[in-house]
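Let's take a walk through a protein fold together. Have the picture open while you read, and look up each piece as it comes along.

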Amino acid sequence: GDGGAVALAALRHAPSLQTLTLSLQKNAVGPHGAQALAQLKAAPKLHTLNLDFDRNAVGDAGAAGLAALKAARPLHTLTLNLGSNAVGDTGAAALAALGDAALHTLTLKLWDNAVGSSGAKALAAGLKEAPSLHTLSLDLGKNAVGDSGAQALAALKDASSLRTLTLKLWDNAIG
């Protein structure tokens, strides 16, 4: 739960930690725990971070807290699995701020949530302008992106630094 996630946030004090993977699936981690783990942005040498919150209760507030990882300057590879976490348009819009980070590779797994067209549009707008993002993978399967959200995501074709793009949009009422 949140108590364990708060305790794990102390890993930010590891002076030479460069890569961290935390698999926290099905642990009742809520917004408070996710927000606490966003403190990993202070890890001095962390360049690769994988946070797997699959099937928890992070919600929009936790997603917004995790967006603070944009301030992690050494970080260049980030994977956030927020599948089945009650993240909606507000949380997706907050995560769009990760476009302001110095990331080279970003994987956002938001499958089986409540992301609609406005959340997809916010993600597309925020990530399209990411100055150093070369590889982007967005898993928005089993949401409600719809045609207008898909059209917004298609605009990622104009992202100047993007070299590799993966969009998973299964079960989204597209077409």
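## A first building block

Start with strand β2, helix α3 and strand β3: β2 (residues 48-52), α3 (residues 59-66) and β3 together make a right-handed β-α-β unit. Keep in mind that what you're looking at is a predicted model.

The two strands of this unit sit side by side, with β2 and β3 pairing in the parallel sense over five bridges. If you want one spot to look at, find D52, which stands opposite N81 in β3.

## The whole sheet

Now zoom out. Six strands form an open sheet, and their order is β1-β2-β3-β4-β5-β6, with parallel pairing. At the edges stand β1 (19-23) and β6 (164-168); each has a single partner strand, so one side of each is left without a neighbour in the sheet. Ignoring direction, neighbouring strands of this sheet are turned by 0° against each other on average.

Let's go along the sheet pair by pair. β1 runs parallel to β2, and five bridges join them; here L22 has L51 in β2 as its bridge partner. On the other side of β3 from the unit above, you can look for β4 (residues 105-109), since β3 and β4 run parallel and are joined by five bridges. In that pair, L80 stands opposite L108 in β4. To get from β3 to β4 the chain passes through α4, and this β-α-β crossover is right-handed.

## Inside the sheet: β3 and T48

How many of the residues of β3 are buried? Five of the five are, so β3 is largely enclosed by the rest of the structure. You can check this face by face: T77, T79 and N81 are buried on one side, and L78 and L80 are buried on the other, so to speak a strand with both faces covered.

T48 gives you a close-up from the strand next door, as this residue is found in β2. Its relative accessibility is 14%, and because buried means under 20%, T48 counts as buried. Who touches it? Leaving aside neighbours within four places in sequence, T48 is in contact with Q18, T19, L20, L75, H76 and T77.

## On to β5 and β6

Next up is β5 (135-139). Four of its five residues are buried, so β5 is largely enclosed by the rest of the structure. Five bridges join β5 to β4, and the two run parallel. One partnership to spot here is L106 with L136 in β5. The chain crosses from β4 to β5 through α5, in a right-handed β-α-β crossover.

β5 also pairs with β6, again in the parallel sense and over five bridges. Look for L138, which stands opposite L167 in β6. The path from β5 to β6 goes through α6, and this β-α-β crossover is right-handed.

## Two helices meet

Two packed helices are described by the angle between their axes and the distance between the axes. So let's try it on α5 (residues 117-128) and α6: their axes come within 8 Å and cross at roughly 5°. Angles under 35 degrees count as roughly parallel, and therefore α5 and α6 are roughly parallel to each other.

Which residues make the contact? From α5 they are S117, A120, K121 and A124, and from α6 they are S148, G149, A152 and L153. Sorted by class, this contact has four nonpolar, three polar and one charged residues.

Another residue of α6 is worth a look: Q151 has its place in this helix. Q151 is exposed, with a relative accessible area of 58%. From Q151 to S117 there are 34 residues in sequence, and C-alpha to C-alpha the two are 9.4 Å apart in space.

## Two loop residues with a positive phi

Most residues other than glycine have a negative phi. A86 has a positive one, near 60°. You'll find A86 in the loop between β3 (77-81) and α4 (89-95). Is A86 buried or exposed? A86 is exposed, with a relative accessible area of 61%.

K142 has a positive phi as well, near 55°. This residue lies in the loop between β5 (135-139) and α6 (146-154). With 40% relative accessibility, K142 counts as partly exposed.

Conventions: Residues numbered from 1 in each chain as written. Predicted model: local features only at pLDDT ≥ 70, side-chain atom pairs only at ≥ 80, totals over all residues. Heavy atoms only, no water. Buried < 20%, exposed > 50% of the residue type's maximum accessible area, 1.4 Å probe, protein only. Pairing = 2+ DSSP bridges. Right-handed = clockwise from strand over helix to strand, strands pointing away. Axes fitted to C-alpha atoms, helices over the stretch in contact; angles between N-to-C directions. Parallel < 35°, antiparallel > 145°, perpendicular 65-115°, else oblique. Contact = heavy atoms within 4.5 Å. Nonpolar A, V, L, I, M, F, W, Y, C, P; charged D, E, K, R; others polar.
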